[in-house]
Amino acid sequence: MPSLKKNGNSERVLPKHIAIIMDGNGRWAKKRHLPRTAGHAAGSKTFKDIARYCNKIGIEYLTVYAFSTENWKRPQQEINNIMNILRDYLKDTENFKGENIKLEFIGDRTPLDDDIKVLMQKAEKDSENATGLHLNIALNYGGRDEIVHAVKDIINEGIKPEEITEQLISDHLYTSGQPDPDFIIRPSGEYRLSNYLIWQSAYAEYWFSDILWPDFNYKHLEKALDDFNKRNRRYGGI
Ligand code: IPE
Ligand code: IPE
Ligand code: MG
């Protein structure tokens, strides 16, 4: 169940788990006649600000989409640029250790560069006892790919068909042990999931906006959270 948090004089329900599709970096840069790299740099700053803000207001889980299994289709130079931004983020441990943020990566790490894998592992280890926000970074993440991995693991573990339940499948996903996202935010004017958390978001609420990710700030998040409070979640009931 979502937790009740004070907002001024009124009680409001905060989502336990927010998932964000950080989209629109390229269009933000194009509008300013800048290279796409400038858009990713600006998007990275927004990401740090929003993670810090979620931590401050007591959000328990935040999952951000940083790089999808489909994003390998982009020019190699852009891929390198995104990976370098991630390297910089992980090297500056103030970004998470200094913030008491617990960092976890979800996605298939296999094709990533070795030095990034080491940095990812170190960041997870360094922040494992953090008691603040649990921040998942979805990197080389795809919802269908995640389900394929889960099915392979289930078969390898010799689990019998009659033992398969929804819970068992959830327990074999990258987000095992975490609550499902209850609120999915996608800026940039696109109205699709792009293969994000497709199993976990079965009953999530959605919030779309035309704002490009680098322009997104805590005020937009506050507006989204206010809108979330107006939603009537029935889960199939009446
Ligand atoms: C999101 O911004 C960042 C990643 C997908 C890595 P985009 O790069 O997709 O920006 P647009 O959609 O081209 O504007
Ligand atoms: C989704 O954005 C992936 C990330 C934000 C990392 P895309 O820009 O890749 O999605 P599409 O291509 O518009 O579906
Ligand atoms: Mg995009």
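1. Let's start with the contacts of ligand 1 in this predicted model. The side chain of arginine 27 brings an N or O atom to 2.7 Å from an oxygen atom of ligand 1. Arginine 74 also takes part, with a polar side-chain atom 2.7 Å from an oxygen atom of ligand 1. The backbone joins in at glycine 24, where an N or O atom lies 3.4 Å from a ligand 1 oxygen. On its own, ligand 1 has 380 Å² of accessible area, and the protein covers 86% of that.

2. A word on who else is around ligand 1. The molecule is surrounded by 13 residues, and the closest are Asp23, Gly26, Arg27, Arg36 and Arg74. Sorted by class, the shell holds three nonpolar, five polar and five charged residues. If you have the structure open, look at helix H1 (25-31), helix H2 (36-57) and helix H3 (76-91), each of which supplies at least two residues of this shell. H1 gives the largest share, with three residues.

3. Now for ligand 2. Its neighbours are Ile21, Met22, Asp23, Tyr65, Ala66, Phe67, Asn71, Arg74, Arg186, Arg192 and Ser194. By class, that makes five nonpolar, two polar and four charged residues. Strand E4 (residues 61-68) contributes the most to this shell, with three residues. You will find Asp23 and Arg74 among the residues around ligand 2, and both are also listed among the closest to ligand 1.

4. The polar contacts of ligand 2 deserve a look of their own. Asparagine 71 has a side-chain N or O atom 2.9 Å from an oxygen atom of ligand 2. For arginine 74, the corresponding side-chain distance to an oxygen atom of ligand 2 is 3.3 Å. Arginine 186 places a polar side-chain atom 3.4 Å from a ligand 2 oxygen. Of the 390 Å² of accessible area that ligand 2 has on its own, the protein covers 78%.

5. Where do the ligands sit? Ligand 1 is in the largest pocket, and the space taken by ligand 2 is the largest pocket as well. Arginine 74 is worth picking out on your screen: its side chain has a polar atom 2.7 Å from an oxygen of ligand 1, and an N or O atom of its side chain is 3.3 Å from an oxygen of ligand 2.

6. Back to arginine 186, which is part of strand E7. Is this residue buried or exposed? Its relative accessible area is 5%, so arginine 186 is buried. For a sense of where it stands in the fold, take phenylalanine 105: the two are 81 residues apart in sequence, and their C-alpha atoms are 20 Å apart.

7. Histidine 172 is in the loop between helix H6 (166-171) and strand E7 (183-186). Its relative accessibility is 17%, and because buried means under 20%, histidine 172 falls in that class. Its side chain also makes a polar contact, at 2.9 Å, with the side chain of glutamate 157.

8. Two backbone angles caught my eye. As a rule, most residues other than glycine have a negative phi. Asparagine 140 has a positive phi, near 45°, and belongs to strand E6 (residues 134-141). At 5% relative accessibility, asparagine 140 is buried. Serine 188 has a positive phi too, near 85°, and its place is in the loop between E7 and E8. With a relative accessible area of 5%, serine 188 is buried.

9. Finally, two residues from the later part of the chain. Asparagine 217 is in the loop between strand E8 (205-208) and helix H7 (218-230). Its relative accessibility is 30%, so asparagine 217 counts as partly exposed. Although asparagine 217 and threonine 46 are 171 residues apart along the chain, their C-alpha atoms are separated by 6.9 Å. Aspartate 226 lies in helix H7 and, at 34% relative accessibility, is partly exposed. Its C-alpha atom is 17 Å from that of proline 181, which is 45 residues away along the chain.

Terms used
Residues numbered from 1 in each chain as written. Chains lettered and ligands numbered in written order. Predicted model: local features only at pLDDT ≥ 70, side-chain atom pairs only at ≥ 80, totals over all residues. Heavy atoms only, no water. Near = heavy atom within 4 Å. Polar contact = N/O pair within 3.5 Å; in protein donor to acceptor, adjacent residues only side chain to side chain. Areas by Shrake-Rupley, 256 points an atom, 1.4 Å probe, with all protein chains shown as cover. 1 Å grid on protein atoms, 1.4 Å probe; cavity = no way out; pocket = protein on both sides within 12 Å on 5 of 7 lines; lining within 4 Å. Sits in = over half its atoms within 2 Å of the grid points. Helix = DSSP H or I, 4+ residues; strand = E, 2+ residues; numbered from the N terminus. Nonpolar A, V, L, I, M, F, W, Y, C, P; charged D, E, K, R; others polar. Buried < 20%, exposed > 50% of the residue type's maximum accessible area, 1.4 Å probe, protein only.
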